[in-house]
Amino acid sequence: MKVSSLTKIAAALLVATTLTACVDDGDDGAQGPAGAAGAAGAAGAAGQNGTDGVSALVTRDDVIKTNANIAYAAYSDSLISAQTLKAALEDLVASPSDATLDAAKNAWLAAREPYGQTEVYRFREGPIDALKADGTIGEEGDGPEGKINAWPLGEAIIDYVAPQVDGDAGPESAANALSNNIIANTADYPTISAATLRTTFEFGEDERNVTTGYHAIEFLLWGQDLNADQSGTGPRDATGGQRPASDYFTTPGTCTSGPDAAAEQICERRGDYLIAAADLLIEDLQAVTEAWEPGEGVHYKVFTAGGDQSLARILEGMGRLSFGELAGERINIALVTDSQEDEHSCFSDNTHRDIFLNAKGVQNSYNATYTRINGEVVDGASIHDLLVVEGEPELANQLRGSLEATMAAATVIDTKAKTGMPFDTLIQEGIEQPNVIAVIEALVEQTDDIEQAIDALNVTTNDIRQDTDQDI
């Protein structure tokens, strides 16, 4: 990104932080059943029920505006950290070593921290799901989310792989398969660039042919998770992938593809792929960030003027991420299949952070607070405040409590991974499955409470349990 663009983001964030306070909007936006007139009684009831004191002036529009400002901050952090990641990748490619490879891995892990908290802005026809290439908002599925964060990855069409990986469904469909892998296929792909990766993503309209985004970069940094001895057999150990730094060596006679020697051209192309994937990631994140820009973003303007429809979308995103995507697709499938291939960050063994951060994003949306990567806090009027003001203090506390219970369960998973038992070990039969099941159960309970909040606030959403076929 150019310096002018970074300045623009900083300026917009300054505007955003001034919009998050609970201020008197007069008659504008007082759409709740209690309204401003009934708010004082509701706030009093809140005090009697042990909730926080809430300004009688909190309106639905205040909540919507705060949500939009936090979305902008979180996507801005994702963009900034992706740029930092690209710099670390460039250092690795320019001077490959164990040290630069480790630095690149750490930058990838850091980049996942803000992005994981943005997943709550999916499932609501926002930029991540619906932003078209021409900059307009289309329908769900038109946006760049798949190119940014799709999984499982089609690693066999990117680079060399082991013949079979635990839980891997095998090669992509023969009818839509690319010839060889992109890095080795110099005939069909003489150069590797962001444009090249755009043409290969979901090749043949096959969703299994994922070749871009965070997880493509993850695979190129860690390689497949085959245990420390590279066997891919026996009980899973606590290591992630074991890609050597020599996979990026370009001095003649030093390049490898895992345990095998390779022509230096292959290592050069692997580096090209890494940088191209970062360029594409930054391009897509920048487009989403700009769509959320306070005052100017194409989505920000529409969303903050959307009234109850926007409030409904906030709650729908919270519910759909909680139930179908996180409890169902990201946790339950991997659990019931005992499959490494079905865990979100399977190469780096970072799935515990995916779970924690996705859950944290839902909690952020409810409490209307987000801590930026530089430590600054963006906050304001919350759904909790709104429920209290509109006469539902008990439900407000109930939902807040269920969100806290989810975070407590997710913290156990996070702690176990950090102390030597990653998610792919926890999902094995007879190991620590109850810890994983506890997260699923907590997410289901908070979904129940989100549905109650939808009813209490009298807004209309789509089915918030529609995103998985799993029997949870």
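**Helix packing, core and backbone of a predicted model**

Helix 14 and helix 16 run roughly antiparallel to each other. Their axes lie 9 Å apart and make an angle of about 160°, and since an angle over 145 degrees counts as roughly antiparallel, the label follows from that value. The structure described here is a predicted model, and this pair of helices is a convenient place to enter it.

Helix 14 covers residues 393-418, and helix 16 covers 433-456. Helix 14 passes helix 16 in a left-handed crossing. On the side of helix 14, the contact is made by Leu395, Gln398, Leu399, Ser402, Leu403, Ala405, Thr406, Ala409, Ala410, Val412, Ile413 and Lys416. On the side of helix 16, the residues include Asn435, Val436, Ala438, Val439, Ala442 and Leu443, and further along Gln446, Asp449, Ile450, Gln452, Ala453 and Ala456. Sorted by character, the residues of this contact are 16 nonpolar, six polar and two charged.

Helix 14 also packs against helix 12. Here too the angle is about 160° and the axes are 9 Å apart. Helix 12 is therefore roughly antiparallel to helix 14. The contact between helix 12 and helix 14 is made up of 12 nonpolar, five polar and six charged residues. Helix 12 passes helix 14 in a left-handed crossing.

What angle do the axes of helix 3 and helix 11 make where they cross? The angle is roughly 55°, and the axes come within 9 Å of each other. Helix 3 is therefore oblique to helix 11. The contact is made by Arg60, Val63, Ile64 and Asn67 of helix 3, together with Asp308, Ser310, Leu311 and Ile314 of helix 11. These divide into four nonpolar, two polar and two charged residues. The crossing of helix 3 past helix 11 is left-handed.

These helices belong to a chain of 472 residues, which holds 16 helices and four strands. Of the residues in the chain, 56% are buried. Among contacts between residues at least 6 apart in sequence, 74% join residues at least 24 apart.

The interior can be followed through the nonpolar core. In soluble globular proteins, nonpolar side chains tend to be buried together. In this model the largest nonpolar core has 111 residues, and Ile217 and Leu221 are those with the most contacts inside it. Helix 3, which spans residues 60-94, gives the most to this core, with 15 residues. Which residues does Leu221 touch, leaving aside its neighbours within four places in sequence? Leu221 is in contact with Leu89, Leu92, Leu101, Ala104, Lys105, Trp108, Arg243, Tyr248 and Leu274.

Another residue to look at is Leu280, which sits in helix 9, residues 264-291. Is Leu280 buried or exposed? With a relative accessibility of 1%, Leu280 counts as buried, because buried means under 20% relative accessible area. Apart from neighbours within four places in sequence, Leu280 is in contact with Ala194, Leu197, Arg198 and Thr212. The C-alpha atoms of Leu280 and Ala195 are separated by 8.3 Å, although these two residues are 85 apart along the chain.

The last part of the tour concerns the backbone. Most residues other than glycine have a negative phi, and most peptide bonds are trans. Where is a cis peptide bond found in this chain? A cis bond joins Trp151 and Pro152, with omega about -10°. Pro152 is in the loop that lies between helix 6 (145-149) and helix 7 (194-200).

Positive phi values occur at Asp338 and at Asn458. Asp338, which is not a glycine, has a phi near 50°. Asp338 lies in the loop between helix 11 and helix 12, where helix 11 spans residues 308-337 and helix 12 spans 351-367. Its relative accessible area is 28%, so Asp338 is partly exposed. Asn458 has a phi of about 55° and is likewise not a glycine. Asn458 belongs to the segment after helix 16. At 63% relative accessibility, Asn458 counts as exposed, because exposed means over 50%.

Definitions and conventions:
Residues are numbered from 1 along each chain as its sequence is written. This is a predicted model: local features need pLDDT of at least 70, side-chain atom pairs count only at pLDDT 80 or more; totals for chains, interfaces and linings use all residues. Side-chain values use heavy atoms; hydrogens and water are left out. A nonpolar core is a set of buried Ala, Val, Leu, Ile, Met, Phe, Trp, Tyr and Cys residues joined through side-chain atoms within 4.5 Å. Buried means under 20% relative accessible area, exposed over 50%, partly exposed in between (1.4 Å probe, protein chains only). Helices (H or I, at least four residues) and strands (E, at least two) are DSSP runs, numbered from the N terminus. Contact means heavy atoms within 4.5 Å. Axes are lines fitted to C-alpha atoms, for helices over the stretch in contact, and angles run from 0 to 180 degrees between N-to-C directions. Angles under 35 degrees count as roughly parallel, over 145 as roughly antiparallel, 65 to 115 as roughly perpendicular and the rest as oblique. A crossing is left-handed if the near helix is turned anticlockwise from the far one by less than a right angle, and right-handed if clockwise. Ala, Val, Leu, Ile, Met, Phe, Trp, Tyr, Cys and Pro count as nonpolar, Asp, Glu, Lys and Arg as charged, and the others, Gly among them, as polar.
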